[in-house]
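Please look over the sequence and the fold before reading on. The paragraphs below start from a single contact and work outward.

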Amino acid sequence: MNRCSPALSRAVTRVTDAALGPHQTAVIRIGFSLTWLLFLLREFPHRQELYGPDGPWSWDLADQLVAVNGAFTPLLWSDGQVWFEAVYALAVLWSLLLLLGWRTRTMSVLFMVGVLALQNRSVFMGDGGDNVLHLMSIYLVFTRCGRVWSLDARRARRAAGERARGEWPRDRVGPLLWGVLGLLLLLVTLAGRMDGDRFIPALLWAVWLTQALWWLTGRRAGTGQPRILLDVVANVVHNGALLVIMAEACLIYATAGWYKVQGSRWQDGTAVYYPLHLEYFSPWPALADLLSASGTMVMLVTYGTVAVQVAFPFTLFNRRVKNVLLALMITEHAVIAVVLGLPFFSLAMIAADAVFLPTAFLRRLGNLAARARGRLRPRGTPLPRPRPPADRPAGKEPVETAPAPGGAPRPHT
């Protein structure tokens, strides 16, 4: 018992002291918001057929289905064309802002609303990638996904610098955004638009109230203890959500692999051959013919796919083997994106796989991106040095002394 106590104490401290995996959650945020953004832009000319009032899955059919399953979708609050265009445009905007990491706590909630609004409106228009995006958009709400590689992180660094200089930065955008969204949420609730499944409305209200409590403890609390407590709770929720995301990814691969094992085509090694010759999944027929020309290659790819998917959850305890299989799965999804013409499904799965990427690799990748951005940024002309005053000889620099009471440091010549 005495040996277990220190280990348990270290585990509790690790879970409560910090939000684990900040780089991994940032990649998940960027990956899924980019996937949804590119999908919405790609399908913009076909938005009416997919989610519009005049699509094959009509507004009346969608309304009947939602009345049965209680799914949350603001698109069914009105059958007008203007409302549909506004929701679609807002979904694009929220995806872009979450990608940039601007007000990530609020944008993660609005991103979830945009995903649910469109996908629940036409549930039969999606595929496996849409299901992953649907789940991950909900999980992202519980994560602190803007700690790195975001506009929020840059604003936090600037605020820390201002506090170090004795200044008190004021945030006017956050309270204004909170007030406007709270008013809209109240009006929608009073109008009875939140009927149905209670999970999403309860989540929206919980996040809104939590943001209010966070702001009040930062502004009104006499000591820092309430904010520390809230920070611990936020870390625990974040780490729990990160664990759920990892478990979800493992479950996807485990179920896919074990279902493949039961298929006769996967058992005889010919399963990969058939989708390569389906017209719907053959954007490059010549490339598909080239890949399927060798029966040995088809058999190796078929068996290798099953082996990697079944084995991956069991390799998480060995870092080197896990990294090798992770690279193989990411390569597999990249090939699927090109050969089978499923780019958004592949992007969603690669974003889910990113939760297992090593932190050192992600940091090196971030450093490379920062250096590349620095090379592309135009260099400004250096400013000329100020001339010395007329009463001080040139070449004699001022010496800093202690600051005057209530003032800035004064040069002493």
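**From one salt bridge to the whole chain**

In this predicted model, Arg 103 and Asp 171 join their side chains in a salt bridge, with 2.8 Å from N to O. Arg 103 sits in the loop between helix H5 (81-100) and H6, and Asp 171 sits in the loop between helix H8 (151-164) and H9, so the pair ties together parts that are 68 residues apart in sequence. Arg 103 is buried, at a relative accessible area of 11%, while Asp 171 is partly exposed, at 31%.

How many salt bridges does the structure hold? The number is 6. One of them links Arg 155 to Asp 152, at 3.0 Å from N to O. Arg 155 and Asp 152 are 3 residues apart in helix H8, so about one helical turn separates them. Arg 155 is partly exposed, with 34% relative accessibility, whereas Asp 152 counts as buried because its relative accessible area of 12% is under the 20% limit. The side chains of Arg 165 and Glu 167 also form a salt bridge, at 3.7 Å from N to O. Here Arg 165 is exposed, with a relative accessible area of 58%, and Glu 167 is partly exposed, with 41%.

Helix H6 covers residues 104-119. The 16 residues of H6 reach 22 Å from the first C-alpha to the last, close to the 22 Å expected at 1.5 Å a residue. Is H6 enclosed or open to the surroundings? Of its 16 residues, 15 are buried, so H6 is largely enclosed by the rest of the structure.

The largest nonpolar core has 65 residues, and those with the most contacts inside it are Phe 32, Trp 36, Tyr 51, Met 112 and Leu 204. Helix H6 gives the most to this core, with 10 residues. A second, separate core has 7 residues, among them Val 272, Val 298, Val 339 and Leu 340. Returning to Tyr 51, which residues does it touch, leaving out those up to four places away in sequence? Its contacts are Trp 36, Phe 39, Leu 75, Phe 84, Tyr 88, Leu 118, Gln 119, Arg 121 and Ser 122.

Nonpolar side chains also appear on the surface. Leu 176, Val 180, Leu 183, Leu 184 and Leu 187 form a nonpolar patch there, and together they have about 480 Å² of accessible area. Leu 183 belongs to helix H9, which spans residues 173-190. With 49% relative accessibility, Leu 183 counts as partly exposed, since exposed means over 50%.

Another helix to locate is H14 (residues 295-311), which contains Gly 304. Gly 304 is partly exposed, at a relative accessible area of 28%. Its C-alpha atom is separated by 9.7 Å from that of Gly 269, and the two glycines are 35 residues apart along the chain.

Last, the protein as a whole. It has 17 helices and 2 strands, and 36% of its 413 residues count as buried. Among contacts between residues at least 6 apart in sequence, 71% join residues at least 24 apart. The protein exposes about 24,900 Å², of which carbon and sulfur atoms supply 65%.

Note on methods. Residues numbered from 1 in each chain as written. Predicted model: local features only at pLDDT ≥ 70, side-chain atom pairs only at ≥ 80, totals over all residues. Heavy atoms only, no water. Patch = residues over 30% accessible without salt bridge, like charges linked within 9 Å, V, L, I, M, F, W, Y side chains within 5 Å. Areas by Shrake-Rupley, 256 points an atom, 1.4 Å probe, with all protein chains shown as cover. Salt bridge = Lys/Arg side-chain N within 4 Å of Asp/Glu carboxyl O. Helix = DSSP H or I, 4+ residues; strand = E, 2+ residues; numbered from the N terminus. Buried < 20%, exposed > 50% of the residue type's maximum accessible area, 1.4 Å probe, protein only. Expected span 1.5 Å × (residues − 1). Core = buried A, V, L, I, M, F, W, Y, C linked by side-chain atoms within 4.5 Å. Contact = heavy atoms within 4.5 Å.
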